[in-house]
Amino acid sequence: MALISSSGFAHVRLTVTDIVRSKAFYDQVFGWPTAIDKSASVDEPGVRDSPQHFYGGTVYQTPQGTLFGLRPCGSTGFDAQHTGLDHISFAVASRAELESAATGLSQAGIVHGDIIDLTAAGIAILSFQDPDDINIELTAPLS
């Protein structure tokens with residue numbers, strides 16, 4: 001028996017080196033509505049340390065109801081070889097949406113990989129990097 005009965009993720013927050021740059025990237029790529037945006041106050045004293053000010057970050061409302069946040073901190077880029085986050089994956093409805101996303105990313109000048117079928121997992125994926133080199137993956141069912 002599990003120790004905790006959870007219905008899934010409530011939110012994820014990534015740490016970023018430049019909130020303005022990251023916010024512009026995620027606005028362009030996903031266009032989700034902003035639930036909370038404290039990025040204008042990021043350089044005010046104490047804001048980066050304040051959970052009440054969301055650390056000077058931004059929180060988006062995703063279509064499925066979960067929250068996705070950006071927290072400005074640090075000065076070095078992401079390294080998936082260290083303990084922590086390997087990548088984050090966002091669902092799309094179909095392979096056609098993966099293909100459309102690849103076209104849109106290319107048109108925006110955002111480098112991305114090829115669409116890869118992971119048949120054992122029953123999904124296809126498309127990967128690209130955010131401004132801090134965090135691997136972002138789009139996932140669609142194969143069928």
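Let's start at I123, which stands opposite P141 in strand β8. A word of caution for everyone new to this structure: what we are looking at is a predicted model.

I123 belongs to strand β7, residues 123-129, and β7 pairs with β8 in the antiparallel sense over seven bridges. Further along that pairing, F128 faces I136 of β8. The two strands form a hairpin, with five residues between them. In the turn you'll find D133, which has a positive phi of about 70°.

Now, how much of β8 is covered? Strand β8 spans residues 135-141, and six of its seven residues are buried. On to another partner of β8: strand β5 pairs with β8 in the parallel sense, over five bridges. One such bridge links S89 to E137 in β8.

Let's put those strands together. We have an open sheet of four strands, ordered β5-β8-β7-β6, and its pairing is mixed. At the edges are β5 and β6, the latter being residues 116-118, and each of these pairs on one side only. Ignoring direction, neighbouring strands here are turned by 35° against each other on average. Helix α2, residues 95-107, packs on this sheet and touches β6, β7 and β8. The direction of α2 makes about 15° with that of β7. Helix α1 also lies across this sheet, over β5, β7 and β8, and runs at about 145° to β7.

As a general reminder while you rotate the view, strands of a sheet pair through backbone hydrogen bonds, either parallel or antiparallel.

Now for the other sheet. What is the order of its strands? It is an open sheet of four strands, β1-β4-β3-β2, again described as mixed in its pairing. Why is one side of β1 and of β2 left without a neighbour? Strands β1 (11-16) and β2 (34-37) stand at the edges with a single partner strand each, so one side of each has no neighbour in the sheet. From one strand to the next, the twist averages 15°.

Within this sheet, β1 and β4 pair in the parallel sense over six bridges. Look for V16, which stands opposite P72 in β4. Helix α1, residues 19-30, packs on this sheet, touching β1, β2, β3 (58-61) and β4. The direction of α1 makes about 155° with that of β4. So you have now met α1 on this sheet and across β5, β7 and β8 as well.

Next, the aromatic rings. The model has eleven aromatic pairs. Take F30 and W32: their ring centres are 4.4 Å apart and their planes meet at 15°, which is under the 30 degrees needed to count as stacked, so this pair is stacked. Both F30 and W32 are buried.

For contrast, have a look at F68 and F90. The ring centres are 5.3 Å apart and the planes stand at 85°, so this pair is edge-to-face. F68 lies in strand β4 (residues 67-72) and F90 in strand β5 (residues 87-91), so the pair ties together parts that are 22 residues apart in sequence. Are these two buried or exposed? F68 has a relative accessibility of 2% and counts as buried. F90 is buried too, with a relative accessible area of 12%.

Stepping back, F25, Y26, F30, W32, Y60, F68, F90 and F128 form one aromatic cluster. You may recognise F128 as the residue opposite I136.

One more ring is worth a click. R71 lies over the face of Y55, at 3.5 Å from the ring centre.

Finally, let's go back to the β7-β8 hairpin. D132 lies in the loop between these two strands. This aspartate is buried, with a relative accessible area of 5%. Which residue does the side chain of D132 make a polar contact with? That partner is the side chain of T17, at 2.4 Å. Leaving aside neighbours within four places in sequence, D132 is in contact with V16, T17, D18, R21, S22, G77 and F78. V16 is familiar by now: it is the residue opposite P72 in β4.

That's my tour; happy to rotate the view for anyone.

Key: Residues numbered from 1 in each chain as written. Predicted model: local features only at pLDDT ≥ 70, side-chain atom pairs only at ≥ 80, totals over all residues. Heavy atoms only, no water. Phe/Tyr/Trp six-rings, centres within 6.5 Å; stacked < 30°, edge-to-face > 60°. Buried < 20%, exposed > 50% of the residue type's maximum accessible area, 1.4 Å probe, protein only. Lys NZ or Arg CZ within 6 Å of the ring centre and 35° of its normal. Pairing = 2+ DSSP bridges. Axes fitted to C-alpha atoms, helices over the stretch in contact; angles between N-to-C directions. Contact = heavy atoms within 4.5 Å. Polar contact = N/O pair within 3.5 Å; in protein donor to acceptor, adjacent residues only side chain to side chain.
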